[in-house]
Amino acid sequence: MARLIEGEIIPRLLMAHRGDQVELPKPQVVFTAVEPTELAHMTLRLEVFSLLAHIDSYLNNGVPIESIYLDLLAPTARVLGDFWDNDVCDFVDVTMGLWRLQQVVHELGSRTPCPSVRTRADRRVLFTVPPGDQHSFGLVMIEDFFRRAGWRTWSAPDAGLPELCAIAGRQWFELIGLTVSNADSLTQLPAIFRDLRRASQNPAVGIMVGGKIFSDHPELAERAGADATAADGAMALLAAERLVDRLAYRSGPAV
């Protein structure tokens, strides 16, 4: 269950505009050490609407949504993972807690667009995990961040490789992003990337990888055949924009 917790891929920044100039947000709030633990306990006993009301109390007091994501929801997910590791609660409880957190992310994303990040409206990204790997809470977070930034996102966390290849062959994607939470998946990646590139409608599709494995050892991304990774999730969107610009896709379909 701990592998489900990919807090490292939750972005810390918003790009001020497309290009190389990036403004890092100044710290505006510091959550106490106990608040993620309190919220983790709440996810085990409260429904989504009650959790949203709790989050809204922070937003109404001026806490930026990025700080909610990074400094509260991500640590809360990690606390839930610790609950499972330490036998504080069982698998079902932790799964339900994570599911409720995911619903909170979806709801927040649907009503909080990200106007400070600009991207071309025709940029499309497919998010997935290596077949057999467990999808993570972080995958939900990173997809939501890209969507709020203007990307058109698709998510297929439960798809096998044949299905992923079929999706990539039916739909034009500038980018395919894989979150890796299981070190055992590393040996599969070169073959997965090869098959995805062969099947892709876009012959120059970019492939990015993320997750704690690559945060700790970024050299593994290039070794596996990926086009890019990020030092942490904070740079994921910026790295994606730069990668797509560098590859200079000119033959994409009209929106």
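# Close-up views of a predicted model

**View A. Helix 1 and helix 4 lie roughly perpendicular to each other.** Here angles of 65 to 115 degrees count as roughly perpendicular, those under 35 as roughly parallel, those over 145 as roughly antiparallel, and the rest as oblique. Helix 1 spans residues 35–45 and helix 4 residues 91–111; the two pack at an angle of about 105°, with their axes 8 Å apart. Thr43, Leu44 and Arg45 of helix 1 meet Asp93, Val94, Gly97, Arg100 and Leu101 of helix 4 in this contact. By type, the residues involved are three nonpolar, two polar and three charged. Nonpolar covers Ala, Val, Leu, Ile, Met, Phe, Trp, Tyr, Cys and Pro; Asp, Glu, Lys and Arg are charged; the others, Gly among them, are polar. Contact means heavy atoms within 4.5 Å. Each axis is a line fitted to C-alpha atoms, for helices over the stretch in contact, and angles run from 0 to 180 degrees between N-to-C directions.

A few notes that serve every view: the model is predicted, with local features needing pLDDT of at least 70 and side-chain atom pairs counted only at pLDDT 80 or more, while totals for chains, interfaces and linings use all residues. Residues are numbered from 1 along each chain as its sequence is written, and side-chain values use heavy atoms, leaving out hydrogens and water.

**View B. Helix 3 and helix 4 pack with their axes 9 Å apart.** Their angle is about 170°, which makes helix 3 roughly antiparallel to helix 4. From helix 3, the contact uses Ile65, Ile68, Tyr69, Leu73, Thr76, Ala77, Leu80 and Trp84. Helix 4 answers with Phe91, Val94, Gly97, Leu98, Leu101, Val104, Val105, Leu108 and Gly109. This contact divides into 14 nonpolar, three polar and no charged residues.

**View C. Single residues in helix 3, in helix 4 and in the loop between these helices.** Pro75 sits in helix 3 and, at 16% relative accessibility, counts as buried. Buried means under 20% relative accessible area and exposed over 50%, with partly exposed in between (1.4 Å probe, protein chains only). Leaving aside residues up to four places away in sequence, Pro75 touches Pro36 and Leu70. The C-alpha atoms of Pro75 and Thr37 are 8.2 Å apart, although 38 residues separate them along the chain. Asp87 belongs to the loop between helix 3 and helix 4; look for its positive phi of about 60°, although it is not a glycine. Asp87 is exposed, at 66% relative accessibility. Gln102, placed in helix 4, is buried at 16%. With residues up to four places away in sequence again not counted, Gln102 touches Phe137 and Val140.

**View D. Aromatic rings, two of the structure's five pairs.** Rings of Phe, Tyr and Trp (its six-membered ring) pair if their centres lie within 6.5 Å; planes under 30 degrees apart are stacked, over 60 edge-to-face, and the rest tilted. Phe146 and Trp151 are edge-to-face, at 5.3 Å centre to centre and 65° between the planes. Phe146 is buried at 2% relative accessible area, and Trp151 is buried, also at 2%. Trp154 and Phe173 form an edge-to-face pair too, at 5.3 Å centre to centre with 85° between the planes. Trp154 is in strand 2 (residues 152–155) and Phe173 in the loop between helix 6 (161–170) and strand 3 (175–179), so this pair ties together parts 19 residues apart in sequence. Trp154 is partly exposed at 29%, whereas Phe173 is buried at 1%. Ring pairs also link Phe127, Phe146 and Trp151 into a cluster.

**View E. Helix 7 and its buried residues.** In helix 7 (residues 189–199), Leu189, Ile192, Phe193 and Leu196 are buried. They fall within an arc of 95° seen down the helix axis, so they line one face of helix 7. That arc is taken over the directions from the helix axis to the C-beta atoms. An α-helix has 3.6 residues a turn, so residues three or four places apart point the same way. The packing partners of the buried residues are helix 6, strand 3, strand 4 (206–210), helix 8 (212–216) and helix 9 (219–224).

**View F. The whole chain, with ten helices and four strands.** Helices (H or I, at least four residues) and strands (E, at least two) are DSSP runs, numbered from the N terminus. Of the 255 residues, 52% are buried.
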